[in-house]
Amino acid sequence: MTADPVPSVLALGPVLPVVVLGGTRPAEAVPLVRALVAGGLRAVEITLRTEGAVEAVRRVAAEVPRAVVGAGTVLTPEQAVAARDAGARFLVSPGWTDRLLAAARDTGVPLLPGVSTASEVMALLERGVAEMKFFPARAAGGPAYLRALASPLPGARFCPTGGIGPDSAADYLALPNVSCVGGSWMLPPDAVRARNWDRVEHLAREAARLGAAAVAETAADTGGGEGRTGSGTGGGAGGGDVSADGPCR
């Protein structure tokens, strides 16, 4: 039995840890994710770049009930189905194809498809998708590029990922069309290799505070108006309304 999918990927919190397992065995993903959750980052993307990643999703889904686990680097319909069956509650891809969008809709699990150009954003909006991953964020233009998209494409909301760290995350989170950022700076390779989960928890806690501060600053700037986590008017893969208990911060 798989867990219910999330109503909106962008409502999971302002910072989404991106976990690349590398040499970590699937079972070792469990204490890693527990450390992230203890630090205040409940939503976690485990990338399907390595052997054992799907099993890691399965282990985390079964053994860390407080976590909201998703699968990243989903490239094919087959991977989407395997991730869903393992318990993934959301999917993330560096790009998109119509075949992948259709497969994600069939799984019932929301997909955050990747974009890096205005034309790709427009194509997804035409297909009813309003929530997108901006990737690779730094190489594709960073905060300045996303700021330029806000006025002509107000219906799109983004989770920038790629080259983002604690020094640049706030610049993205301050943008009106950015609801969260993805990154792995709270998972330094030496800490993961040493299984230093206390350090991971500490860095996760700092990242959670960074996100909370950005949300508070934005609320003050807008006079307490609508938050940045709205998913626009799009539906379909990656769309949908945010429930009252959606944010997982």
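The following legends describe close-up views of a predicted model of one protein chain.

**View 1. Overall content of the protein chain.** The protein chain comprises nine helices and nine strands. Of its 249 residues, 50% are buried. Among the contacts with a separation of 6 or more, 64% join residues that are 24 or more positions apart.

**View 2. The aromatic cluster of Phe-134, Tyr-145 and Phe-158.** These three residues form one aromatic cluster. Rings count as paired if their centres lie within 6.5 Å, and by this rule the count comes to two aromatic pairs. The ring centres of Phe-134 and Tyr-145 are 5.7 Å apart with the planes at 10°, so this pair is stacked. Phe-134 belongs to strand S7 (residues 131-134) and Tyr-145 to helix H6 (residues 142-150); the pair thus links distant parts of the chain, with the two positions 11 residues apart in the numbering. Phe-134 is buried, at a relative accessible area of 1%, whereas Tyr-145 is partly exposed, at 26% relative accessibility. Phe-134 also forms an edge-to-face aromatic pair with Phe-158, at 6.4 Å centre to centre and 70° between the planes. Because Phe-134 lies in strand S7 and Phe-158 in strand S8 (residues 157-160), this pair ties together parts that are 24 residues apart in sequence. Phe-158 is buried, with a relative accessible area of 0%.

**View 3. A lysine over an aromatic ring.** Lys-133 lies over the face of Phe-135. The distance from the ring centre is 4.6 Å.

**View 4. The buried and exposed sides of helix H6.** Gly-142, Leu-146, Leu-149 and Ala-150 are the buried residues of H6. Their arc around the axis is only 110°, which places them on the same side of the helix. In an α-helix there are 3.6 residues a turn, so residues three or four places apart point the same way. Ala-144 and Ala-148, on the other side of H6, are exposed. The packing partners of the buried residues of H6 are helix H5 (118-126), S7, S8 and helix H7 (169-173).

**View 5. The open sheet S6-S7-S8.** Three strands, in the order S6-S7-S8, form an open sheet with parallel pairing. Strand S6 (114-115) and S8 stand at the edges and each has a single partner strand, so one side of each is left without a neighbour in the sheet. Four bridges join S7 and S8 in the parallel sense. Glu-131 has Arg-157 as its bridge partner in S8.

**View 6. Phe-158 and the nonpolar cores.** The largest nonpolar core contains 65 residues, and those with the most contacts inside it are Leu-36, Ile-46, Leu-91, Phe-158, Val-181 and Met-186. Helix H1 (residues 29-38) supplies the largest share of this core, seven residues. Apart from this core lies another, of 12 residues, which include Val-6, Leu-12, Val-68 and Leu-112. When neighbours within four places in sequence are left aside, the contacts of Phe-158 include Leu-10, Val-115, Val-121 and Met-132. Phe-134 is one of the contacts of Phe-158 as well, in keeping with the edge-to-face pair of View 2. Leu-146 and Leu-149 also contact Phe-158, and both are among the buried residues of H6. Further contacts of Phe-158 are Asn-177, Val-178, Ser-179 and Cys-180.

**View 7. Strand S2 and its two partner strands.** Strand S2 (residues 43-47) is mostly covered, with five of its five residues buried. Ala-43, Glu-45 and Thr-47 are buried on one side, and Val-44 and Ile-46 are buried on the other, so that both faces of S2 are covered. Strand S1 (residues 15-19) runs parallel to S2 and is joined to S2 by two bridges. Opposite Glu-45 of S2 stands Val-18. S2 also pairs with strand S3 (residues 68-72) in the parallel sense, over five bridges. Val-44 has Val-69 as its bridge partner in S3. Ile-46, on the face of S2 that also holds Val-44, is one of the residues with the most contacts inside the largest nonpolar core.

Notes
Residues are numbered from 1 along each chain as its sequence is written. This is a predicted model: local features need pLDDT of at least 70, side-chain atom pairs count only at pLDDT 80 or more; totals for chains, interfaces and linings use all residues. Side-chain values use heavy atoms; hydrogens and water are left out. Rings of Phe, Tyr and Trp (its six-membered ring) pair if their centres lie within 6.5 Å; planes under 30 degrees apart count as stacked, over 60 as edge-to-face and the rest as tilted. Buried means under 20% relative accessible area, exposed over 50%, partly exposed in between (1.4 Å probe, protein chains only). A charge sits over a ring if NZ of Lys or CZ of Arg is within 6 Å of the ring centre and within 35 degrees of the ring normal. The arc is that of the directions from the helix axis to the C-beta atoms. Contact means heavy atoms within 4.5 Å. A nonpolar core is a set of buried Ala, Val, Leu, Ile, Met, Phe, Trp, Tyr and Cys residues joined through side-chain atoms within 4.5 Å. Two strands pair if DSSP finds at least two bridges between them.
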